[in-house]
Amino acid sequence: MSEAVSLGGEPILRTKGLTKQFGGLVAVSDVSLDLYVGEVHVVIGPNGAGKSTLTNLLSGDLPPTSGEVRFEGNDIAGCSADHISRLGIGRSYQKTNIFLPFTVFENCRLAAQSRTPHALRVFHRAGGYAEINRLAGEAMAAAGLAHRAERIAATLSHGEQRQLEIAMCLATQPRLLLFDEPLAGMGPHESQRMVELIKGLTADHAIMLIEHDMDAVFALADRLTVMVNGEVLESGTPEDVRSSPAVQLAYLGGEEILHD
Amino acid sequence: MDFAFFLIQLLNGLQYGLLLFLVASGLTLIFGIMGIINLAHGSFYMVGAYLAWSLSAMTGSLTAAILLAIPLTVILGMGLERLLFRHLYQRDHLYQVLLTYGLILVFEELRSMIWGDDVHGVAVPELLNASIPLTDNLSYPVYRLAISGVCLLLAAALYFLIQKTRLGMMIRAGASNRDMVQSLGIDIKLIYTLVFALGIALAAFAGMINSPLSSVFPNMGSQVLIICFVVVVIGGIGSVKGAMAASLMIGLAETFGQVLVPEVAGTIVYVLMAIVLVWRPEGLFGKG
Amino acid sequence: MNFRAADYLPWLVIGLLALFPLVESTFYMQLLTKVLIMAIFAMSLDLLVGYTGLVSFGHAAYFGLAGYALALMAPQYEAVSLWWSLPAAVGICALFALVTGVLVLRTRGIYFIMVTLAFAQMLFFIFHDTKIGGGSDGIYIYVKPTMKSGEVELANLEKIEHFYWLVLALMAATFLLLRRVLGSTFGRALVGIKVNEHRMRALGFPVFRYQLASFTLSGALAGIAGYLAAVQYGFVNPEILSWHQSGAVLMIVILGGMGTLYGSVIGAFAFVLLQEILSNQAWFGAAAKHWQLALGIFIMLVALYLPQGLAGLLRQSGRKAAAETTDE
Amino acid sequence: MHKNQKASYDRREFLRGSAAIAGTTVAGVLLPTGQVFGQQAKLKVGLMLPYTGTYTQLGIAITNGFKLAVEERGGKLGGREIEYFTVDDESNPAKAPENVSKLVQRDKVDVVIGTVHSGVVMGMAKVLKESGTIWINPNGGAGAMTGAACAPNFFRTSFSNWQSTHALGKVLKAKGIKTAVFITHKYAAGEEMMEGFKEGFEKEGGKLVKELYLPFPQVEFQALLTEIASIKPEAVVCFFAGGAAIKFLKDYQAAGLKGKIPLFGSGFLTDGVLDAVGDAAEGVETTLHYADGLDTKKDKAFRLAYAKTFKLQPDVYAVQGYDAGQLLAAGLDAVKGNIGDKAGVIKAMEAAKIDSPRGPWTLSKSHNPVQDMYLRKVVGKENKVQGVAWKALADPARGCKA
């Protein structure tokens with residue numbers, strides 16, 4: 001796979017006319033967007049705008065009704081979630097999705113194991129793979145959880161659990177990260193830590209972020225997409241979006257979402 | 001098989017299917033609304049049959065026996081829900097399987113202690129004890145037709161109850177979102193108790209009205225149980241409509257299977273179930 | 001805390017069990033053989049229920065299938081060799097589990113429970129209604145399999161102590177095999193699937209393939225137990241793949257404590273011996289006639305008050321003891 | 001045996017003794033208690049019969065019959081007192097080898113008596129062939145027991161499935177019936193009864209136009225009754241027992257077939273069910289080795305003694321249990337209670353001529369009764385004897401090489 005993909009080059013992920021219908025309801029309609037390594041692409045919009053559905057289409061949690069998703073040049077629309085993950089896309093969920101009864105280390109170890117499964121070596125102890133342990137350790141360190149390695153995930157604070165979910169994503173060595181409201185339910189201090197964490201990842205990842213916290217949005221966004229009713233209303237640099245009349249009229253103007 | 005006999009077999013199949021529906025409808029309600037796997041459902045069928053037998057022996061009339069027995073089974077259902085099943089709503093299905101498996105053994109032994117291990121016949125009510133001639137040597141028992149009629153009536157009543165009444169609305173809401181219903185100030189516990197009692201009463205009632213046809217014997221419940229599970233799964237868990245469709249399907253498959261391919265008759269319904277589930281894992285009328 | 005003792009405990013138990021034929025008579029050795037066979041069966045199910053999060057209510061299908069496989073492979077009055085008949089029976093079970101697994105793993109929750117039951121019932125009726133395996137009457141295996149190396153007889157399975165040792169060895173092997181497998185990356189992935197299937201998928205694990213592998217392994221191990229059960233009494237009939245059998249083994253797994261392996265062994269002891277005791281007329285007289293009542297109540301109590309099973313009880317008291325010693 | 005092991009064994013034996021007493025109380029007999037350790041050791045008799053489940057009543061009748069035979073001999077057989085060991089076989093073939101092992105290995109009985117269910121009988125055969133324990137089967141008619149699986153230590157005092165329907169061929173022929181349909185459950189007993197009938201009927205020139213089977217233990221007959229109506233045979237022959245028999249007789253009547261197509265069967269169709277079926281069985285004709293109103297001296301005496309002791313009316317099962325006791329007595333008397341002389345016991349039993357309530361009978365070479373088959377007709381609540389359908393009918397014992 002090409003390592004040459006970088007800022008200003010080819011997009012690592014490109015969607016064209018991506019659409020998802022649930023029965024008669026159109027949740028995502030004709031969405032086209034590009035994601036680049038080194039960029040944080042934030043998607044905002046009111047509840048029910050189709051942001052999470054869009055993430056699910058990219059991660060393979062849902063199959064699209066029509067349209068195209070190209071990741072590093074290959075069409076991955078309709079591929080299964082595990083397949084897409086193995087291609088190099090990691091994601092976090094709106095509602096924390098981790099292994100609560102396991103230790104922090106085991107959460108990350110399992111995640112790292114998904115890259116080097118050794119599924120057939122059933123007689124070899126799981127803890128005995130240096131490569132997997134190293135990846136898990138690095139992911140914990142990157143997410144700032146190294147000191148929590150032996151804690152049971154269920155006993156972590158909410159913010160730490162969200163950090164752990166990101167650590168697990170990192171342990172799978174993705175090139176594209178999809179974060180669905182990583183700051184949800186966090187206090188100001190925790191939020192700040194998370195923003196720093198995400199900033200630190202931008203250099204060698206493409207990141208798509210769904211977020212409501214506007215301070216964080218403008219602190220992180222290299223590119224901003226506004227969705228309303230499943231459609232892309234506007235997409236561009238934060239400045240472009242801010243100055244877009246359509247956005248101002250429909251969204252930024254009267255509504256208080258921005259100050260949420 | 002000529003055409004006349006084909007029609008008669010069709011009638012046989014439908015009649016058998018309707019009876020299956022009566023037992024299975026209670027199961028699917030408890031299943032779908034409360035999320036409880038009740039293996040002991042067949043035991044309530046058996047309890048109904050034994051009550052019908054012992055009470056009709058006492059009163060001399062099956063009708064009187066049934067009228068007496070229905071409240072008894074409702075009380076039994078409510079009592080069991082309060083005492084046992086209530087503790088299992090939040091637990092894994094595994095424990096429901098286990099508890100109700102134990103309950104089968106308990107019911108079987110209590111039956112043995114109270115009523116003994118003999119086989120008993122129950123007399124068909126005098127009024128319905130007749131046959132309608134169909135061919136020169138075959139006639140159709142009126143009682144069988146009457147049962148089919150009762151089954152259809154009950155199916156209609158169930159449909160009305162669930163789709164058109166306030167209670168039915170609450171039941172449907174409870175099935176889809178327990179917390180939401182509770183926040184609306186509806187007493188979900190009471191609804192569960194009622195649904196459970198209704199399901200139990202349906203199974204017991206099926207045992208009662210079928211007792212003159214099936215006679216009354218130990219372990220009669222487990223024969224019915226498994227086939228009812230098949231009905232529920234094919235129809236889609238919680239769907240009364242699905243239970244009706246699946247019951248009729250199975251009734252016909254078993255009837256014609258017995259006549260046309262006796263070697264594999266027992267296997268047919270399970271093959272049918274496998275096919276349906278591969279095609280639609282949530283059953284014919286299940287919500288995915 | 002010193003848990004080193006726990007590492008040696010299985011070996012100690014196996015060693016003690018191996019000595020049993022030296023002190024006890026035939027009947028109790030047979031009873032113990034039955035316990036050990038059920039322990040293998042229960043461990044195979046624990047792999048599914050306790051470690052993969054799949055509640056199968058049709059596990060007797062694989063148990064029974066292996067029994068029938070032996071009965072049908074064995075010529076009526078001649079001995080077959082264990083060396084090929086056991087692997088063949090187990091292989092058939094694995095194959096059947098693989099095929100049914102592809103179908104049943106499309107479903108979840110209640111549906112999974114019911115569909116596994118349906119497949120077991122299908123098999124039940126195939127053997128019950130057709131002549132393949134003697135119909136509802138079953139078939140007899142008149143001669144037990146042989147274990148020979150060249151011309152040398154390694155064990156004579158007609159002797160119950162030899163058979164007992166074989167069963168014990170296979171039980172120990174199953175236990176160690178599963179412990180190894182569950183400690184591997186494969187095993188960890190299974191537990192991950194049990195805890196959070198969705199997350200596993202999002203991490204890139206092909207969940208279905210893992211589940212299918214687990215289902216197949218579980219079916220194969222149940223086959224070992226079924227084969228041994230058929231050898232022990234020399235008889236198979238559809239009852240051995242009935243849903244009662246599936247229910248009983250599920251009961252053993254939960255009673256013992258699921259997700260612990262050794263719990264399955266404890267559960268097998270408790271369940272089989274409990275049945276034996278409750279139905280013992282010498283102790284309970286006429287009440288023994290209704291032994292299933294006591295068993296039924298017992299099962300219900302376990303479901304209500306002992307969800308972690310006997311193993312959970314042991315762990316609890318172990319923890320309590322540990323807490324007390326650290327307090328001092 | 002080790003020394004301490006012996007001690008523990010004795011305690012178990014003692015416990016067993018009290019079990020036997022408890023067991024007999026259930027059955028309604030009170031044996032003299034005490035004297036567990038007598039001068040001459042007691043003869044250990046293992047009763048493996050159904051004491052729970054559908055066949056409970058049969059198990060009790062057989063037990064009663066056997067004990068009556070023992071009581072008539074002063075509670076002794078061959079001069080030895082009897083100690084009973086009971087195992088409830090639950091009519092479960094899957095548990096049969098295990099259950100019989102309890103008697104043979106744990107309790108070390110000298111004789112095994114049992115059982116009702118044919119499948120369980122075959123499970124017992126497996127174990128008892130190996131152990132060589134003397135075994136008297138007071139009911140289960142599995143052909144193989146005295147056929148392919150026969151053994152010198154196997155005896156039966158009841159019937160073979162084949163026997164119970166074979167005479168019907170002659171009966172139908174005598175009534176001028178040339179075509180028939182056979183209907184039964186699909187299991188070995190049903191198929192053996194079908195074979196027995198088919199052979200007898202075709203020998204007489206009749207034609208069995210269709211065999212109808214229903215999976216055991218299903219009782220939904222409607223489809224098959226419709227099938228019968230469409231075939232229009234001259235007679236229907238069947239084998240059902242217990243609950244299935246009740247249901248079949250009632251459905252046959254309700255379908256309007258009764259009175260249109262005469263119904264015949266093996267005697268179990270109408271035994272012990274007449275109270276439950278009402279008039280649905282009236283006029284049905286069956287063959288069996290016992291009947292109501294035989295009116296022999298032996299039968300009257302037996303019925304009186306049985307009714308007096310147990311406050312119950314005896315049936316064919318009680319007779320079979322009673323004869324099991326008589327047969328064992330004949331064997332033990334010959335060796336003066338020395339059960340160790342197995343060959344002697346077997347020889348005496350083979351030669352015995354049993355004076356049974358059903359009429360005198362002897363054993364065939366394969367140890368199955370050679371007996372008269374009666375034709376009976378249901379009149380009111382009785383299976384009234386119509387005459388002897390086949391004098392001294394012997395099972396062909398196919399495949400028995402012993």
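**Close-up 1. Strands 6 and 7 of chain A pair in this predicted model.** A:Ile89 has A:Leu176 as its bridge partner in strand 7 of chain A. Strand 7 covers residues 176–180 of chain A. Strand 6 of chain A, residues 89–92, runs parallel to strand 7, and 4 bridges join the two. Side chains of strand 6 alternate in direction: A:Ile89 and A:Arg91 point one way, A:Gly90 and A:Ser92 the other way. Both sets are buried. A:Arg91 is thus shown as a buried residue of strand 6.

**Close-up 2. Chain D holds an open sheet of 6 strands.** The strand order is 2-3-1-4-5-6, with mixed pairing. Strand 2 (76–77) and strand 6 (154–156) of chain D stand at the edges. Each has a single partner strand, so one side of each lacks a neighbour in the sheet. Within the sheet order, strand 1 sits between strands 3 and 4. Strand 1 spans residues 43–49 of chain D, and strand 4 spans residues 111–113. These two strands run parallel and are joined by 3 bridges. In this pairing, D:Leu47 stands opposite D:Ile113 of strand 4.

**Close-up 3. Helix 2 and helix 10 of chain C cross.** Helix 2 comprises residues 26–52 of chain C, and helix 10 comprises residues 243–256. Their axes come within 9 Å and cross at roughly 75 degrees. The two helices are therefore roughly perpendicular to each other. From helix 2, the contact takes C:Met38, C:Phe41, C:Ala42, C:Leu45, C:Asp46, C:Val49 and C:Gly50. From helix 10 come C:Val249, C:Leu250, C:Ile252, C:Val253 and C:Gly256. By class, the contact residues are 9 nonpolar, 2 polar and 1 charged.

**Close-up 4. Chain C meets chain B.** Chain C gives 39 residues to this contact, and chain B gives 35 residues. On the chain C side, helix 5 (109–129), helix 10 and helix 13 (291–305) each supply at least two residues. Helix 5 of chain C gives the most, with 15 residues. The chain C side divides into 28 nonpolar, 9 polar and 2 charged residues. Helix 10 of chain C thus appears here as well as in the crossing with helix 2 of chain C.

**Close-up 5. Chain A meets chain C.** The contact draws on 25 residues of chain A and 21 residues of chain C. Helix 2 (81–87) and helix 3 (104–113) of chain A each supply at least two residues of the chain A side. The largest share of that side, 4 residues, comes from helix 2 of chain A. Its classes are 12 nonpolar, 8 polar and 5 charged residues.

**Close-up 6. Confidence is given for chains B and C and for the complex.** The predictor assigns the complex an ipTM of 0.82 and a pTM of 0.86. Chain C averages a pLDDT of 88, and 96% of its residues score at least 70. In chain C, confidence is highest in helix 9 (residues 207–233), at a mean of 96. It is lowest in helix 12 (residues 281–284) of chain C, at 73. Chain B averages a pLDDT of 87, with 95% of its residues at 70 or above. Among the elements of chain B, helix 2 (residues 41–59) has the highest mean pLDDT, 94. Helix 7 (residues 178–183) of chain B has the lowest, 67.

Note on methods
Residues are numbered from 1 along each chain as its sequence is written. Chains are lettered from A and ligands numbered from 1 in the order in which they are written. This is a predicted model: local features need pLDDT of at least 70, side-chain atom pairs count only at pLDDT 80 or more; totals for chains, interfaces and linings use all residues. pLDDT is the predictor's confidence in each residue, from 0 to 100. Axes are lines fitted to C-alpha atoms, for helices over the stretch in contact, and angles run from 0 to 180 degrees between N-to-C directions. Angles under 35 degrees count as roughly parallel, over 145 as roughly antiparallel, 65 to 115 as roughly perpendicular and the rest as oblique. Two residues are in contact if their C-beta atoms, placed from the backbone, lie within 7 Å. Ala, Val, Leu, Ile, Met, Phe, Trp, Tyr, Cys and Pro count as nonpolar, Asp, Glu, Lys and Arg as charged, and the others, Gly among them, as polar. A residue is buried if 20 or more other C-beta atoms lie within 10 Å of its own, exposed if 12 or fewer, and partly exposed in between; C-beta atoms are placed from the backbone. Two strands pair if DSSP finds at least two bridges between them.
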